[in-house]
Structures are given as C-alpha cells and as structure tokens.
Amino acid sequence: MNPFEMVVLIVGIVMIAGVMKARYGVTKDRHGNEIVTRPDPEAGRMKEEIAQLKERIAVLERLATDNNGALALDREIEKLRQG
C-alpha cells in the first residue's frame, strides 16, 4: 500500500467516525468532553406521567380543602367500607 492510499484510507475512516458520532448525537462541550445530546424517549414518557400525576394531585388537593366536599367524601368512604 502506497502512502497516498493510506492517507485516503485514514481520511475515510475519520469521516465515517464523524458521521456516526453525528448520527448518535455525540457532541463536544467547550472543554473537549463528549456529550450525548440525543433525546431520550423514556424522558418524554416520564414527563407525560409527571404531568398526569400533578393533575391528579391538584384534584385531590381540591377535594381535601373543600369543606363540604370533604364531608361528602368521608360519607362516601364510610359507605364503601360498610357495603
């Protein structure tokens, strides 16, 4: 293998590595550390679940702080326990 072919081969390998890094979302910060910036699909699902849980907590807080509703809720719970 002559030197020209070796240089072409090295350049090709470096280019393929760069494309693969870009495809998988690997970038470098200002200190030269590699960071994976690809969004995690699990994070999106978890954000949805957190939003749903916050909504449920708001409903429970409203039920707990509503005086008339709290009494009615206590009665309903007692009915369920007895029946």
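Ala43 lies in helix H2, which covers residues 41-65. The model is a predicted one. Ala43 has a relative accessibility of 31% and therefore counts as partly exposed, since that class runs between the 20% limit for buried and the 50% limit for exposed. Ile16 is 27 residues away from Ala43 along the chain. In space, 29 Å separates the C-alpha atoms of Ala43 and Ile16.

Helix H1 spans residues 3-23. The helix comprises 21 residues. From the first C-alpha of H1 to the last, the reach is 30 Å. This is close to the 30 Å expected at 1.5 Å a residue. The N-terminal end of H1 is capped by Asn2. A side-chain oxygen of Asn2 is placed 3.2 Å from the backbone nitrogen of Phe4. Gly25 follows H1. The phi of Gly25 is positive, near 75°.

Glu34 belongs to strand E2, made up of residues 34-36. The relative accessible area of Glu34 is 49%, so the residue is partly exposed; the exposed class requires over 50%. Beyond its neighbours within four places in sequence, Glu34 contacts Lys21, Val26, Thr27 and Lys28. Lys21 stands 13 residues from Glu34 along the chain. The C-alpha atoms of Glu34 and Lys21 are 9.9 Å apart. Lys21 is part of the range assigned to H1, residues 3-23. The contact between Glu34 and Lys21 thus links strand E2 with helix H1, under a contact limit of 4.5 Å between heavy atoms.

Key:
Residues numbered from 1 in each chain as written. Predicted model: local features only at pLDDT ≥ 70, side-chain atom pairs only at ≥ 80, totals over all residues. Heavy atoms only, no water. Helix = DSSP H or I, 4+ residues; strand = E, 2+ residues; numbered from the N terminus. Buried < 20%, exposed > 50% of the residue type's maximum accessible area, 1.4 Å probe, protein only. Expected span 1.5 Å × (residues − 1). Polar contact = N/O pair within 3.5 Å; in protein donor to acceptor, adjacent residues only side chain to side chain.
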